[in-house]
Amino acid sequence: MNIFLTGATGFLGGRLIRNLLEEGHTVYILARNLDKANKQKENLPFLLQEKVHILQGDIIKPDFGFTKDTLNLISGQVDIFYHLAALVKFDHELREQLMEMNFHGTKIALKVADKIGASKFIHVSTAYTVGTSNQGLEELYEISQGFNNPYEESKALAEHEVFQYQDKMEVSIFRPAIIVGDSKTGEADSAFTLYGFMRGLELFKRRLDRKLSIEKVHLVGSKHGTSNLVPVDYVADILTIAATKAKSRTIYNVTNPAPPTNREILEIIKYHLQFDTLGIYQKGTSFVLTPVEEQLNGMLNVFAPYLDRSISFNDANTQELLNGSPIAHLNMTDEIINIIVQAYFAPTMEKAHV
Ligand SMILES: NC(=O)c1ccc[n+]([C@@H]2O[C@H](COP(=O)([O-])OP(=O)(O)OC[C@H]3O[C@@H](n4cnc5c(N)ncnc54)[C@H](OP(=O)(O)O)[C@@H]3O)[C@@H](O)[C@H]2O)c1
């Protein structure tokens with residue numbers, strides 16, 4: 001099949017493009033940075049490279065900024081349109097950019113997909129369009145519900161826009177939870193979500209080390225709350241199967257059926273970062289933060305909504321999609337989490353010991 005992909009130069013897109021090429025598909029990718037896209041192409045096995053066509057453009061420009069010639073070139077050629085490009089940041093002050101990229105960018109992507117006659121639109125959203133609710137469903141959420149940040153809201157608005165197109169083409173929505181590294185190697189090309197959190201802790205620990213501080217420091221959160229991590233290879237494999245098996249007007253939660261608790265994850269991070277003095281204060285109990293702890297919690301406050309809750313996600317549609325495929329329903333063991341966290345910290349810890 002001929003596939004159009006936005007976000008191919010990103011963390012998830014980099015995995016997905018390889019999968020799609022290995023399945024024998026031809027891939028047209030939208031890239032705002034040609035150098036980056038060309039480098040990515042060169043890193044693919046030689047025989048796959050000829051099936052990659054790079055088109056320069058930007059999801060926030062009308063028609064992606066494509067010329068008429070480019071639009072003509074791909075019109076009638078695209079079977080499936082995957083839309084992954086997004087701004088994955090949770091900061092409240094980025095509201096305008098998040099709305100522009102994630103909501104308006106999706107509107108533009110849908111218009112382009114329609115214009116070039118794509119028959120199927122596969123939209124990558126996030127499990128966190130669930131907002132402040134603790135029940136993750138495989139259906140559209142009301143926009144009037146509460147959201148923790150403009151990222152969630154922008155992605156929820158985009159989902160509604162996708163379903164507006166259900167009479168023009170097949171539309172389906174895939175909602176991964178927190179995407180982390182490869183389940184076998186731990187490899188990850190991401191600076192966001194868990195990686196932003198680990199980077200924040202790493203910087204803070206370095207600051208404490210410089211001051212030779214051995215003071216105990218606490219994050220505020222729920223020890224028993226869970227963090228829904230999903231390995232990037234699992235998400236990319238599901239999106240690959242989606243090319244042939246996704247049902248129209250259907251939403252798929254790509255989530256972890258048995259997510260680890262925050263305490264379990266923090267223990268693994270503490271071990272690999274050698275940050276023994278780090279603890280958690282249970283939210284809602286009585287404690288007084290020291291000035292150092294105020295700084296730590298302030299620095300990581302964008303992650304706070306994800307540290308103090310347990311959301312239960314229904315992923316029945318995803319299980320049905322996986323049925324009869326070689327991909328098993330996710331079983332993310334402690335060993336896998338260990339590989340993922342270790343892969344992040346190992347290079348920095350090696351440097352620290354030189
Ligand atoms: N990472 C997660 O934990 C997570 C969890 C759930 C859902 N998701 C969703 O999964 C998708 C992929 O996320 P990711 O982690 O792979 O993100 P990422 O690594 O930040 O990649 C984002 C991609 O979007 C492209 N892009 C950004 N702005 C663009 C623009 N104006 N025009 C064209 N392309 C643009 C980027 O291009 P450049 O290379 O030029 O920057 C990059 O290819 C997103 O829709 C995200 O919401 C991610």
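Trainee: Which element gives the largest share of the shell around the ligand?

Mentor: Keep in mind that we are looking at a predicted model. Both helix 1 (11-22) and strand 8 (178-180) supply at least two residues of that shell. The largest share is three residues, and they come from helix 1.

Trainee: How many residues surround the ligand?

Mentor: Start with the closest ones, which are T9, G10, A85, A86 and I179. They belong to a wider set around the ligand, and the size of that set is 29 residues.

Trainee: In what order do the seven strands of the open sheet stand?

Mentor: The pairing in this sheet is parallel. Reading across the seven strands, the order is 3-2-1-4-5-7-11.

Trainee: Why is one side of strand 3 and of strand 11 left without a neighbour in the sheet?

Mentor: Look at the two edges of the sheet, where strand 3 (52-56) and strand 11 (250-254) stand. One side of each is free because each of these strands has a single partner strand.

Trainee: By what angle are neighbouring strands of this sheet turned against each other on average?

Mentor: For this value, the direction of the strands is ignored. The average turn between neighbouring strands is 20 degrees.

Trainee: Which strands does helix 2 touch as it packs on the sheet?

Mentor: Helix 2 covers residues 34-42. Its direction makes about 175 degrees with that of strand 3. The strands it touches are strand 2 (26-31) and strand 3.

Trainee: How many bridges pair strand 7 with strand 11?

Mentor: Strand 7 spans residues 170-176. Its I173 stands opposite I251, and F174 has Y252 as its bridge partner. The two strands pair in the parallel sense, and the number of bridges is five.

Trainee: Is strand 11 mostly covered or mostly open, and how many of its residues are buried?

Mentor: A residue is buried here if 20 or more other C-beta atoms lie within 10 Å of its own. Strand 11 has five residues and is mostly covered; the number buried is four.

Trainee: Which residues of the largest nonpolar core touch the most other members?

Mentor: As background, nonpolar side chains in soluble globular proteins tend to be buried together. Here the largest nonpolar core has 94 residues, and those that touch the most other members are I29, V230 and V235.

Trainee: Which helix gives the most to this core?

Mentor: The helix to look for contributes eight residues. Those residues come from the stretch 95-115, which is helix 5.

Trainee: Which residues does I29 touch?

Mentor: Leave out residues up to four places away in sequence when you look around I29. The remaining contacts of I29 are L5, A8, I17, A37, V52, I54 and L55.

Trainee: How far apart are the C-alpha centres of domain 1 and domain 2?

Mentor: The domain assignment gives domain 1 as 2-180 + 228-254 and domain 2 as 193-227 + 259-310 + 332-345. Between their C-alpha centres, the distance is 31 Å.

Trainee: How many residues of domain 2 are in contact with domain 1, and which strand gives the largest share of the side of domain 1 that touches domain 2?

Mentor: The contact joins 10 residues of domain 1 to 13 residues of domain 2. On the domain 1 side, strand 8 and strand 10 (229-231) each supply at least two residues. The answers are therefore 13 residues and, with a share of three residues, strand 8.

Trainee: Why is strand 9 said to be largely enclosed by the rest of the structure?

Mentor: Strand 9 (residues 217-221) runs parallel to strand 12 (residues 278-282), and five bridges join them. One of the bridge pairs is V217 with L278. Strand 9 counts as largely enclosed because, of its five residues, the number buried is four.

Trainee: Is N297 buried, partly exposed or exposed?

Mentor: N297 sits in helix 10 (residues 291-299) and touches L219, V220 and L289, not counting residues up to four places away in sequence. It has 19 other C-beta atoms within 10 Å, so N297 is partly exposed.

Trainee: What is the phi of R249?

Mentor: Most residues other than glycine have a negative phi. R249 lies in the loop between helix 8 (232-245) and strand 11, and it counts as exposed because it has 12 C-beta neighbours inside 10 Å. Its phi is positive although R249 is a residue other than glycine, with a value near 55 degrees.

Notes
Residues numbered from 1 in each chain as written. Predicted model: local features only at pLDDT ≥ 70, side-chain atom pairs only at ≥ 80, totals over all residues. Pairing = 2+ DSSP bridges. Axes fitted to C-alpha atoms, helices over the stretch in contact; angles between N-to-C directions. Contact = placed C-beta atoms within 7 Å. Core = buried A, V, L, I, M, F, W, Y, C linked by C-beta atoms within 7 Å. Near = placed C-beta within 6 Å. Domains from an automatic or database assignment.
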